[in-house]
Amino acid sequence: MGKKVVITDYQYENIDAERRIIGAHGYELYDYQIRDAGALIPVCRDADAIVTQYSDVSAELIDSLEHCAMIIKYGIGVNNIDVEAATRKGIYVCNVPDYGVEEVSDHAVAMMLALSKKLPVLTRALREGDWGYGSTVPLSRFCESTVGLVGFGRIPQLVAKKLKGFGVAIRVCDPYADAALVREYGAEPLELDELLAESDFISVHVPLTRETRGMIGEAEFCRMKPTAVVINTARGGVIDEKALVEALKTGRIAGAAVDVYEEEPVKADNPLLHMDNVIATPHCAWYSETAITTLQRKVAEEVVNVLDGNKPFNCINLS
């Protein structure tokens, strides 16, 4: 019997590419739409590789695996996988870090520009019969703004590159980024407190980990300018959502743009969906047709790469 590959869940129209690539190497592919870890145990127990999108790949599930070599995420963030449990068992945890970087960086920049020109406010005012610019007063020049990037991986590097032509000042906080690299992008490295105090637009680009969960909370909002806006296309848990809502309600900050939420799918009564100074999108910053096909292909290629006996292209836990 050939090696077994299990897809726990997926939201794509089909998995034809995965079937073709994995099947061509003689491996058997089984696909499900199961997100509960307990329900996944019997179907994953004898898997050699697991592909997941949103399923709960818990320690209990991982401990039940008999000879699994790898778990790979359809995407970048692996917060739905118990990485420590996988590491203890010597299982590779992999992701695809570059499939949608153009799309997410475009989304972050688009949100900044929309907020800088107060386009949601203008649109609403015009629909209500308000002709003119009065609803946006006061409005500042974007080129005179300072943009703070929290994190400086692939996506924020592209954000910095795309913003360069607008003439804004760019600040970066990332303890793992080389200062010389930051300056190559025309940016200035700063500590987080300094970045928050100086920036007019604060764009968050860090993974969700124990260290980053809630890293932007009440104290951080208090350090921001009252005219500042926050953009989050990373993970919802990085920002304390209650603190964000309170900062927006009280005028502690001027606005926000969010593509990610602490609880997803976001509930209809979430205050962020009903605030005039917020742009909200449904965790879709990564999306384009090219991004989807690239992601599915790269996941399948990584699976066969590892099952063929090679080291992963992109592994986050084992060297």
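## Salt bridges, cores and a helix pair in a predicted model

Lysine 267 forms a salt bridge with glutamate 263, and the closest N and O atoms of this pair are 3.7 Å apart. Both partners fall into one accessibility class, since lysine 267 is partly exposed at a relative accessible area of 49%, and glutamate 263 is likewise partly exposed at 45% relative accessibility. Elsewhere, salt bridges that share partners join Glu102, Asp106 and Lys162 into one network. The model described here is a predicted one, and a search of the whole structure finds 16 salt bridges in it.

Three of the individual pairs are set out below.

| Pair | N to O distance |
|---|---|
| Aspartate 46 and lysine 4 | 2.7 Å |
| Arginine 171 and glutamate 198 | 3.0 Å |
| Lysine 267 and glutamate 263 | 3.7 Å |

The side chains of aspartate 46 and lysine 4 meet in a salt bridge with an N to O distance of 2.7 Å. Aspartate 46 belongs to the loop between helix H2 (37-44) and strand E3 (49-52), whereas lysine 4 belongs to strand E1 (residues 4-7), so this pair ties together parts that are 42 residues apart in sequence. What is the accessibility of each partner, buried or partly exposed? Aspartate 46 is partly exposed, with a relative accessible area of 31%, while lysine 4 counts as buried because its relative accessibility is 10%, which is under the 20% cut-off.

Arginine 171 and glutamate 198 also meet through their side chains in a salt bridge, at 3.0 Å from N to O. Because arginine 171 lies in strand E7 (residues 169-173) and glutamate 198 in helix H9 (residues 192-198), the pair ties together parts that are 27 residues apart in sequence. Glutamate 198 counts as partly exposed, at 33% relative accessibility.

Arginine 171 appears again among the contacts of glycine 148, a residue placed in strand E6 (residues 146-150). Glycine 148 is buried, with a relative accessible area of 0%. When its neighbours within four places in sequence are left aside, glycine 148 is in contact with Arg171, Leu195, Ser199, Phe201, Ile202 and Ser203. The C-alpha atoms of glycine 148 and leucine 195 are separated by 5.9 Å, although these two residues are 47 residues apart along the chain.

In soluble globular proteins, nonpolar side chains tend to be buried together. In this model the largest nonpolar core has 56 residues, and those with the most contacts inside it are Val5, Tyr74, Leu163, Ile231 and Val303. Helix H12 (residues 289-307) gives the most to this core, contributing nine residues. For valine 303, once neighbours within four places in sequence are left aside, the contacts are Val5, Ile22, Ala49, Val51, Met70 and Ile72. Another core, of 31 residues, lies apart from the largest one, and among its members are Val206, Ala228, Leu244 and Leu248.

Helix H12 is also one partner of a helix pair, for the axes of helix H1 (residues 16-24) and H12 come within 9 Å and cross at roughly 20 degrees. This angle is under 35 degrees, and H1 and H12 are therefore roughly parallel to each other. The crossing in which H1 passes H12 is right-handed. On the H1 side the contact is made by Glu18, Ile21 and Ile22, and on the H12 side by Gln296, Arg297, Ala300, Glu301, Val303 and Val304. Ile22 of H1 and Val303 of H12 thus take part in this helix contact, and Ile22 is one of the residues listed as contacts of valine 303.

Conventions. Residues are numbered from 1 along each chain as its sequence is written. This is a predicted model: local features need pLDDT of at least 70, side-chain atom pairs count only at pLDDT 80 or more; totals for chains, interfaces and linings use all residues. Side-chain values use heavy atoms; hydrogens and water are left out. A salt bridge is a side-chain nitrogen of Lys or Arg within 4 Å of a carboxyl oxygen of Asp or Glu. Helices (H or I, at least four residues) and strands (E, at least two) are DSSP runs, numbered from the N terminus. Buried means under 20% relative accessible area, exposed over 50%, partly exposed in between (1.4 Å probe, protein chains only). A nonpolar core is a set of buried Ala, Val, Leu, Ile, Met, Phe, Trp, Tyr and Cys residues joined through side-chain atoms within 4.5 Å. Contact means heavy atoms within 4.5 Å. Axes are lines fitted to C-alpha atoms, for helices over the stretch in contact, and angles run from 0 to 180 degrees between N-to-C directions. Angles under 35 degrees count as roughly parallel, over 145 as roughly antiparallel, 65 to 115 as roughly perpendicular and the rest as oblique. A crossing is left-handed if the near helix is turned anticlockwise from the far one by less than a right angle, and right-handed if clockwise.
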